[in-house]
Amino acid sequence: MSLLAVEDLTKEFGGLRALDGLSVSVDRGDLVGVMGPNGAGKTTLFNCVSGIVRPDGGAVTFDGTDVTGNSPEALARAGMIRTFQLTRELRTMTVRDNVRLAATDQPGERTLPALLRTDAMESREREVDERADELIEAFELAHLADEYSANLSGGQRKLLELARALMLDPELLLLDEPFAGVNPTLTRDIADRIRELNSEGMTVVVIEHELETLTDLVDRLVVLQQGQLLVDGSPETVLDDERVVEAYLGG
Amino acid sequence: MSVVDRLPGGEGERAALIGGACVLMAALFALTPLVVALPSALYVFFEVAILYAVYGLLVLGLNLQYGHTGLINFGHVVFFAAGGYTVAMLSAQNPFAGIGLGYPWVAALVAGVLVAALLGALVGATSLRLRDDFLAIATLATAEIFHTLFVNFRGIFGGNVGLSGIPQPIAALATDGDTTLLATLLFFGGCVAFTFAAVRRLTDAPYGRVLRAVRADELVARSLGKSAFSYKMQAFVYGAALAGLGGGLFALYSGAVAPGFFTLQVTVTVWIGMLLGGAGSHRGVLAGLAIIMGLRLLSRFALDVTPVSASAFASIRLIVIGMILVAIVRYRPAGIWGNAEELGVDS
Ligand SMILES: Nc1ncnc2c1ncn2[C@@H]1O[C@H](COP(=O)(O)OP(=O)(O)OP(=O)(O)O)[C@@H](O)[C@H]1O
Ligand SMILES: [Mg+2]
C-alpha cells in the first residue's frame, strides 16, 4: 500500500489553477523526484500535502488515513516532515536550538514538567542534546553550533533545515529544492545523504528543477506541468519522453 | 543560548530563595509584635517600591507574552484591572458604591487571578488565530471597553469613585502603619521573586524553546509538530493571570480600587520598562521598569524645585520619556540588557 496518495488534488489562487486534478502516489521506501518548470505547482503540491495550504478539492491520504486539510503540526507528529524552498531557519535561535527544537516527546515542552524540571524532562533533554549534536556534526555544522542561524550562508541553511527535519526521524520526508543555491560539492554530499536515508528505509520525495541532479538520485520521476501530471516513470523513460523535452525546452 | 546551557539556571533558584526569605520576613513583621519605625521621608520610596513590585508582576507576564512569544498585548492593564476589581467586588465590606460581597480575601484573590486568566483566554481565543496585529487591536479595545464599563456602571463597579472597603490583610495583622508598609513591600517583593523563578524555569526549559520558535516563525514551529496556537494561548493566559495577581494584591494593599488606578498609563509604563530593559530578559525587564519608575519618582522631587507649573512639568516629563524611547530605538533597539540576535534587531 502506498504511504502517500494524492487524488484529484485541485488548488486555485484567484483564478490561477496551481494544481489541476493531480493524482500521484508514493510507496513506502520510495525515493521519488518531482520536477517541472517554474510555476508547475510543485511547491503547492507540498503545501497541500503538508497541511500548509488547504486544497480546494481532492484528497490526501497518508499511511492509510485521509489527512486532507489536517494541520501541519498534526501531520508532522504523524511522521510527515517537509522543508521549505526558501529556507526558513529560525534566525533568532542558534543552530543547536534550531535542531533541538524539532525533538519529539519532550515532556519539558509542557508547563508543569518545565516548572518542576522533572527527571523525565532532563533525561529526555540529554538524549535530545546528544542526537542534535550528532546531526549537527554529520552535516558539518559543528563549528557553527552556537551561532545564530541568521548568520549562516545559504548552503548552510539548507543543511540546517535538513538536520532539523531529521531530528524528527520522519517516515516521509518532503524536500523542496534542497540543492538550490548550493555549490556542486555540497550538492553531491546532500544527495549522498538522501540516498543513505532512503536506503535506511525513509521515504523521500525531492523537488528539483535541475534535471541532472535528480535523475542520478531518484528511482522514479514525476513531472508536473501547469498543475497536472505530465509523466510518471523511471528517470530513463521520463528523460526520453518528448513531452518532457518539450516542456523544458519549450516552457 | 541553548537550553542545556540555561538549565543550571542558578539565577532562578537564587530568586526563589530570595523570595522565600522575603516572605518569611514579611510574616515575621506581620505576625509578631515586632515593629519598625520608618523615617517619614522614606514613605514615598516605600510606596513607589510597592507599586514597582506590583508592576513587576505585570512586566514579567508581558515579557512572557511579547519577549518570548512575540504576542503584542497593548491592553495589559485590563488584566490588572480584572484582578483588582474581582478581588474588590468579592471581598469588599460595605463598599461606598457598587458591589461588595464580603467573601474571604484569599478566595477573592484566587478568583481574581482566575478571572484575569479567563479574560485572557477569551481575548486569545478570538484573536490569536488571526494575524499578529489583531491581538494588538483586540487587547487595546478590550482595555478601553472595560475602562468605560468601570466608569459608567456605578451600581456594579462604583463608577469614578470605585470600590472601597476591601480588606487589607497585612494592615490588619501588623501592629502599625510603618510595619505594614515594610511587611507589604517584603511580601510583594517575595511574590515578584517567586514569579521570576517560575518564568525563568519555564523559559529555560524546552517549553521556552518552543515559545521562541513561535515568535521566530510560527509556520516552522507548526511544521515541526508544535501547536503554535496552543503555546500562544498559554503564554497569553499566563501573562494575564500574572497581571490579575498584581491587580488582586494591589487591591488588598490599597483597600480600594478606582478607574484611575487602571489607565492606559499602566500599560505604557510596563511596555516602556520592558523595551528599555530588553524584551526577552527577565532581569532586564525588571531593571528597565525600575529605571522608568525611578525616573518618575525623581521627577516628583524635581517638580518641587523647578519653577514651572505642575501641568507644564507633566508635559516635560512626557517629552523626556519620549526622548528616552527614541534613544533606545535608535541606539539600543534590543534594550539595555536585551540580546539583539535573539530579538532579531540590528544594533
Ligand atoms: N500563495 C499563493 N498565492 C497566489 N499564487 C500562488 C501562491 N502559491 C503559488 N502560487 C502560484 O501558483 C503557481 C504554482 O506555484 P508553485 O510555487 O507551486 O510552483 P513551483 O512548481 O514550485 O515553481 P518553482 O519551480 O518556481 O518553485 C504559480 O503560478 C504561483 O505563482
Ligand atoms: Mg517551488
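How many salt bridges are found across the interface of domain 1 of chain B and domain 2 of chain B? In this predicted model, the rule finds one salt bridge across that interface. Glu11(B) forms a salt bridge with Arg283(B), and the closest N and O atoms of the pair lie 3.0 Å apart. Nine residue pairs in polar contact, with both residues at pLDDT 80 or more, are also found across the interface of the two domains.

The two domains are successive parts of the residue numbering: domain 1 of chain B spans 4–262, and domain 2 of chain B spans 264–347. Taken over C-alpha atoms, their centres are separated by 20 Å. The contact involves 34 residues from domain 1 of chain B and 24 residues from domain 2 of chain B.

The size of an interface is often given as the accessible area lost when the parts come together. Between domain 1 and domain 2 of chain B, the buried area is about 2500 Å², with carbon and sulfur atoms giving 74% of it. Of the area that domain 1 of chain B buries against domain 2 of chain B, 23% is supplied by Tyr52(B), Tyr55(B) and Val59(B), more than by any other three residues.

On the side of domain 1 of chain B that touches domain 2 of chain B, the polar contacts noted above are accompanied by 21 nonpolar, eight polar and five charged residues by class. Two or more residues of this side are given by each of helix H3 (43–68), helix H4 (76–91), helix H9 (177–204) and helix H10 (206–216) of chain B. H3(B) provides the largest share, 15 residues.

Key. Residues are numbered from 1 along each chain as its sequence is written. Chains are lettered from A and ligands numbered from 1 in the order in which they are written. This is a predicted model: local features need pLDDT of at least 70, side-chain atom pairs count only at pLDDT 80 or more; totals for chains, interfaces and linings use all residues. Side-chain values use heavy atoms; hydrogens and water are left out. Domain bounds come from an automatic or database domain assignment. Contact means heavy atoms within 4.5 Å. Buried area is the accessible area (1.4 Å probe) that two parts lose on being put together, summed over both. A salt bridge is a side-chain nitrogen of Lys or Arg within 4 Å of a carboxyl oxygen of Asp or Glu. A polar contact is a pair of N or O atoms within 3.5 Å; within protein, one must be able to donate a hydrogen and the other to accept it, and residues adjacent in sequence count only if both atoms are side-chain atoms. Helices (H or I, at least four residues) and strands (E, at least two) are DSSP runs, numbered from the N terminus. Ala, Val, Leu, Ile, Met, Phe, Trp, Tyr, Cys and Pro count as nonpolar, Asp, Glu, Lys and Arg as charged, and the others, Gly among them, as polar.
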